[in-house]
Amino acid sequence: MNMCEVEGTCDQHCVHDGISHHCSCVSGYTLTEDGGCAAINEPTSDPPLLLYGSPEALEELYLNGTGVYGHTFSKRVAVSTLDFIHRNQTACWVNPGQGLAVMECARLNNLERQWILGHPPHFRLDYVKQMAVEWVTGNWYMLDSREFIFVCTPSLSMCVTILDSFVNKPQSLAVDPALGFLFFSGYGSLPPKIERTRLDGSDRTFIVTKKLVYPSGITLDYANKHLYWVDYYLGHLARVDYDGGNRKTIATFMKDDRPHWVTMFERSLFVLSEQNNGGLKRVDLDGHRRPVSLTTDLDSSNSVTIVHRQRQPQVEHPCGVNNGGCEALCIVMYGPSGEGRAECLCPPGYVLRRRTCAEQIPDEFLLYVMERPGLIKGVPLDQPRGKQVIQPITGLVRPTAVDYHARTRFIVYSDVQRQRIDRRKIDGSMHVPVVSDGLINVEGLAVDWLADNLYWTDEGRSCIFVCKLDDSSMRRLLVHENLNNPRAIVLNPAAGFMYWSVWKTNANAQQEAKIEMAWMTGEHRSVLVQEGLVWPNGLSLDLENQHLYWCDGYANKIERISLIGSDRKEILHKPDAHLYGLSYHRNYVYWSDFQEGSVHRMSTNDATIKAVSEIIKLGGGNYNGGHASNRASNATTLMYLSPDLLQLRNNSAGSMRGHSRGVQAGIYDKPRKWLSEELERRYKDLVVTLQEEHPSLFDVKVYSADMQEGSSTCGGLNCLHLCLTTPEGPRCACNTGFEPSTLFPEMCVEIVNFTMPSHCDKEQFQCERDLRCIDRRFLCDGDNDCLDHSDEDASPGAVCEVAECGDSQFECSNSRCIEHHWVCDGDDDCGDGSDETSDQCTCNEMEFRMKTPLLKGTQGFMRSEEGNSFCRGSSR
């Protein structure tokens, strides 16, 4: 019998000579008498230790779970993820802290001896789910919970995103520099999987896709080239080879264990679960393989790893010598025969010159906005799947709209979730806020590059605003009357006009969808397009030909019209799409597909428009690369074919002549299939897919300095607040709440008793900070419903200075209003005791006090009480 075929005969290598088997170990291990392999540490006298990180502490433990007393414990840190570098005896971790997360490090033999490594430029560590060091180069691999992976230099001075698409809810990662592999796991709305790539993110391969639910922690057996993982939902500990073969379930945990992290040493695996006492368990591969709990003095842990030389074994590759000659990031890449080469990696916006990264940003590129993860990318205008040409804008939650100011090289963008508008230079520098207050839902923005102003639509406030790019306090409300659901906006500063779209949100909405225009002061407002619109978006101007382009996400069309409202023309109608953002540039339209997460490009010349229309109609109005045999009949589609497509169809049908009538079905099916394949090829030639991302995509914008030419004459006006361009030239304007002085028109004076128009209903109150609408019944009731106390402000002139309580409310002495059934319930709801005075709560001799089991907060406040009391006349 060949014992080498029996798992567990040898720890690592096994050779059978026909008579008996022989065990051996890889470098760094010694063979034991029982065929096992014992790991050799450096120094050899140092024991293997568990480095254990939690939100409260960092600690080293022996492998039995007991603490290493003395200098190996620190309660001064919070740890979200950690790793170590054995060669310089350093432990490093991400400290989320109270503000910006940073990486901190300490000596392994003295965890109290700490220093701050900092945080990388253009990236944030707040969302890092796990980090892993490639110990030969010292590069840090970061798994960001916002669904991307980036790698940083040892000092964090430069980082590059290597994966940012379809990494759904990433959970764990591990690196093996000996083979140049990166492994990671994830689950969520996409099928759960464990994947493998090269260390630069290329050659992406699925290695485990079946019998997974929530694959959480992963770890590597470097000696045997095995990957182990735990499944949080299934409670399994399992193993595969690096290529996904030889899958084996190692252990099954109790139902309430919920394992989420795993690491290993020699033939033992250590698993973190959600049980008490830190939830640390040990599984021995040589024994019964049942999880055994280890008693620790820790209540919880985010991560754990084994500190030992063989958990970072000796590896020689080109990047290990002088960083491979690279100025910054060196990534080892292995060829088919196993030879390694050093690859220098540069961030977007840089090119490699003599192994040095030199900045090179093109004059023109395409910006597009992603929701998952929250990014804004810049890519070439004409290269399918082209690499990014600028540093992506990261750290966003739900970005929606983007524009730019070419003269200052700023990109301006909105983040709906964070309720702010920011800007950043195209080289990645100067990330600064533009507007950080008074916003609810900014769906469209546009830069006036002549007057250096910013315009935006706020769907939540049903308004259009303008402010100075460099000073948002200089702000004016331009349009608010008869305006609901304003979305995209585009400017023509040279002519002094602005255009915006309005959505019809549902079939019962009173306001119809339309595209409006006005002077850039908000005056002379008129409707440009109204018929046949539902969700018009992505407004873009062709100033050379005086056209306005837009897309409609409901009708799935791209259209254009002249700026005087004539010559409306359909450019594209693709019923299976969900068009969102659009940008016109040099006879091409670029658009984003919200649902597919893709970006496309198409010429606007008449021949292309006609050919694409015919191809789509030949597909039954639902062309998406499938077979035409499942769509419209030949009789329906022949009328749409141009001569060359008609000839193409006839040729395909003629190629099938000569077949017997008995295979008539085949005569029709085969040419239709051939025709479909040829149409698909032609469609892809005409409608080019530039990028494919994870849904959803929002705005797109062509960045080109040539599209922002001209100079402003505002400098000669010396406007106190704002200078706005109009068809009659620049004009001074005052902030909202101010008006021009009668004596000095360029000066502004405050309007007495001015009230900002509110988007709230009559029965609602508008909060000051976030402009939310709350029910007026909640005013002056002692609860901070607005979260900024504006609904409880009793200062002179404020809402609670003179409170008007409703019929069902009690007026406190301090002008607050509370519910009547809160009076005399034992709680000081008024805050001044006036609802619990003896005058209020003492019954006369003809009354008695009665308890009722009411819930305090029947108007939305959910505080439960035993009951309130009130006086009731005797019925005896």
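## Close-up views of a predicted model

The structure holds 41 salt bridges, and the legends below describe several of them together with cores, a surface patch and one loop residue of this predicted model.

**View 1. A salt bridge joins the side chains of Arg-267 and Asp-286.** The nitrogen-to-oxygen distance in this pair is 3.1 Å. Because Arg-267 sits in the loop between β24 (261-265) and β25 (268-272), while Asp-286 sits in the loop between β26 (280-284) and β27 (292-293), the pair ties together parts that are 19 residues apart in sequence. The two partners are covered unlike one another: Arg-267 is buried, with a relative accessible area of 13%, whereas Asp-286 is exposed, at 54%.

**View 2. Arg-385 and Glu-692 form a salt bridge.** Their closest N and O atoms are 2.6 Å apart, and the pair links distant parts of the chain, with Arg-385 in the loop between β34 (374-379) and β35 (393-396) and Glu-692 in strand β55 (residues 687-692), 307 residues apart. Arg-385 counts as exposed, with a relative accessibility of 52%, and Glu-692 counts as partly exposed, with a relative accessibility of 45%.

**View 3. Lys-514 is paired with Glu-516 in a salt bridge.** Here the closest N and O atoms are 4.0 Å apart, and both Lys-514 and Glu-516 are buried. In a further group, Asp-415, Arg-418, Arg-420 and Asp-422 are joined into one network by salt bridges that share partners.

**View 4. The largest nonpolar core contains 24 residues.** Those that touch the most other members are Tyr-141, Ile-149, Ile-162, Leu-173, Leu-182, Leu-199 and Leu-345. Two or more residues each are given to this core by β13 (139-144), β14 (148-152), β15 (159-163), β16 (170-176), β17 (181-186), β29 (329-334) and β30 (340-345), and the largest share, 6 residues, comes from β29. When neighbours within four places in sequence are left aside, Leu-199 is in contact with ten residues named here in order: Glu-134, Tyr-141, Ile-162, Val-175, Pro-177, Gly-180, Phe-181, Leu-182, Ile-331 and Val-332. Another core, of 20 residues, lies apart from the largest one, and its members include Trp-591, Met-602, Ile-615 and Val-687.

**View 5. Leu-720, Leu-743, Phe-744 and Met-747 make a nonpolar surface patch.** The patch covers about 420 Å², and one of its residues, Phe-744, is placed in the loop between β59 (738-740) and β60 (748-750). For the protein as a whole, the exposed area is about 39900 Å², of which carbon and sulfur atoms supply 48%.

**View 6. Asn-224 touches Asp-11 and Gln-12.** These contacts are listed without counting residues up to four places away in sequence. Asn-224 lies in the loop between β20 (215-221) and β21 (226-231), and with a relative accessibility of 19% Asn-224 counts as buried, because the limit for that class is under 20%. Although Asn-224 and Asp-11 are 213 residues apart in sequence, their C-alpha atoms are 8.5 Å apart in space, and a polar atom of the Asn-224 side chain lies 3.2 Å from the backbone oxygen of Asp-11.

**View 7. The whole protein has 5 helices and 68 strands.** Of its 876 residues, 53% count as buried. Among contacts between residues at least 6 apart in sequence, 46% join residues at least 24 apart.

Conventions. Residues are numbered from 1 along each chain as its sequence is written. This is a predicted model: local features need pLDDT of at least 70, side-chain atom pairs count only at pLDDT 80 or more; totals for chains, interfaces and linings use all residues. Side-chain values use heavy atoms; hydrogens and water are left out. Helices (H or I, at least four residues) and strands (E, at least two) are DSSP runs, numbered from the N terminus. Buried means under 20% relative accessible area, exposed over 50%, partly exposed in between (1.4 Å probe, protein chains only). A nonpolar core is a set of buried Ala, Val, Leu, Ile, Met, Phe, Trp, Tyr and Cys residues joined through side-chain atoms within 4.5 Å. Contact means heavy atoms within 4.5 Å. Accessible areas come from the Shrake-Rupley method with a 1.4 Å probe; for residues, only the protein chains shown count as cover. Patches are made of residues with over 30% relative accessible area and no salt bridge: like charges are joined within 9 Å, nonpolar side chains (Val, Leu, Ile, Met, Phe, Trp, Tyr) within 5 Å. A polar contact is a pair of N or O atoms within 3.5 Å; within protein, one must be able to donate a hydrogen and the other to accept it, and residues adjacent in sequence count only if both atoms are side-chain atoms.
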